[in-house]
Each structure stands twice: as C-alpha cells, then as structure tokens.
Amino acid sequence: MSAEYRATHRILSLLEQSKRFSENVYESLPGVMFALDPSLRILIANSGTAQILGTNVESVLGRGIADLFKSEAEQKKFSEHVEVLVRGERESTELELAIT
C-alpha cells in the first residue's frame, strides 16, 4: 500500500468521523433545527424538525423550504429573515411560522 493511498484513506476516515460527530451534535440540539442549501432546500435537519412535520428526517432532506409553509405570507416572512442573514446584518435569526 502506497503512502499516498494510506494518507487518502486516513483523510477520508477523519472526514467520516467528523461528519458523524456533526450529525450527532445537530441531532442533540433541542427544538427544530435545520440548515438550507443556496437553493433553500433542507440540507440537514434534526428529529424535532421531522417530528413537527409528522415524518422522519430522511423524508425532510432535500425538500424545498417553501413546501413547509401554509401561506404565501409565511413564506414571505421567512424570505425576509433569510435576506437579513444573506446581507450580513445578523448572524442568526429566529422566527415563528405556521407550517403544513
């Protein structure tokens, strides 16, 4: 086995460990927690998110955030919060929304 192969294998192993650790931390957070990709699709979610949607985490992943809102007004409220974050005016935000 070459040194390059061993180094690559080690890096991949460390990345997998880091991914599992991050997922465990995210899952342990209380309440509803999710992260979105640039297309506003759910990239990662905890069980609290799945629970309020009445499903499991796997079926939440990849869904567009707009799919979760009961009304256009709720979607607009969310979009306004996202814009504040994108502009860098705040690092985090909280908001209450009615979901489907």
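Guide: A residue is called buried under 20% relative accessible area, exposed over 50%, and partly exposed in between. The structure discussed here is a predicted model.

Visitor: Is E23 buried, exposed or partly exposed?
Guide: E23 is found in helix α1. Its relative accessible area is 35%. Because the middle class runs between 20% and 50%, E23 counts as partly exposed.

Visitor: Which residue meets E23 in a salt bridge?
Guide: The partner lies in helix α1 as well, four residues from E23, about one turn of the helix. It is partly exposed, with a relative accessible area of 46%. The N to O distance of the bridge is 3.4 Å, and the partner is K19.

Visitor: Which residue forms a salt bridge with R20?
Guide: R20 is itself partly exposed, at 41% relative accessible area. Its partner is four residues away in helix α1, so the two are separated by about one helical turn. That partner has a relative accessible area of 36% and is also partly exposed. With 3.5 Å from N to O, the side chain that meets R20 belongs to E16.

Visitor: How many salt bridges does the structure hold?
Guide: Two of them have just been described, R20 with E16 and E23 with K19. Another joins R87 and E89, whose closest N and O atoms are 2.5 Å apart. The total number of salt bridges is three.

Visitor: Which residues make the nonpolar surface patch of about 310 Å²?
Guide: One of its members, L15, has its place in helix α1, residues 3–28. L15 counts as exposed because its relative accessibility is 53%, and the cut-off for that class is over 50%. The patch is made by I11, L12 and L15.

Visitor: Which elements give two or more residues to the largest nonpolar core?
Guide: Nonpolar side chains tend to be buried together in soluble globular proteins. The largest nonpolar core here has 10 residues in all: I42, A45, A50, L53, V60, I65, L68, F69, F78 and V82. The elements giving two or more residues to this core are β2, α2 and α4 (72–86).

Visitor: Is N46 buried or exposed?
Guide: N46 is found in the loop between β2 (42–45) and α2 (47–53). Leaving aside neighbours within four places in sequence, N46 is in contact with Y26, E27, L29, G31, V32, M33 and V57. Its relative accessible area is 0%, so N46 is buried.

Visitor: Which residue has its backbone oxygen 2.9 Å from a polar atom of the N46 side chain?
Guide: The residue is among those in contact with N46, a list that also includes Y26 and V57. The backbone oxygen at 2.9 Å from the side chain of N46 is that of G31.

Visitor: What distance separates the C-alpha atoms of E23 and N46?
Guide: E23 is found in helix α1, whereas N46 is in the loop between β2 and α2. The two are 23 residues apart along the chain, and their C-alpha atoms are separated by 8.5 Å.

Visitor: What value is the phi of L40 near?
Guide: L40 has its place in the loop between β1 (34–36) and β2, and at 31% relative accessibility it counts as partly exposed. Most residues other than glycine have a negative phi. L40 is a residue other than glycine with a positive value, its phi being near 65°.

Notes. Residues are numbered from 1 along each chain as its sequence is written. This is a predicted model: local features need pLDDT of at least 70, side-chain atom pairs count only at pLDDT 80 or more; totals for chains, interfaces and linings use all residues. Side-chain values use heavy atoms; hydrogens and water are left out. Patches are made of residues with over 30% relative accessible area and no salt bridge: like charges are joined within 9 Å, nonpolar side chains (Val, Leu, Ile, Met, Phe, Trp, Tyr) within 5 Å. Accessible areas come from the Shrake-Rupley method with a 1.4 Å probe; for residues, only the protein chains shown count as cover. A salt bridge is a side-chain nitrogen of Lys or Arg within 4 Å of a carboxyl oxygen of Asp or Glu. Buried means under 20% relative accessible area, exposed over 50%, partly exposed in between (1.4 Å probe, protein chains only). A polar contact is a pair of N or O atoms within 3.5 Å; within protein, one must be able to donate a hydrogen and the other to accept it, and residues adjacent in sequence count only if both atoms are side-chain atoms. Contact means heavy atoms within 4.5 Å. A nonpolar core is a set of buried Ala, Val, Leu, Ile, Met, Phe, Trp, Tyr and Cys residues joined through side-chain atoms within 4.5 Å.
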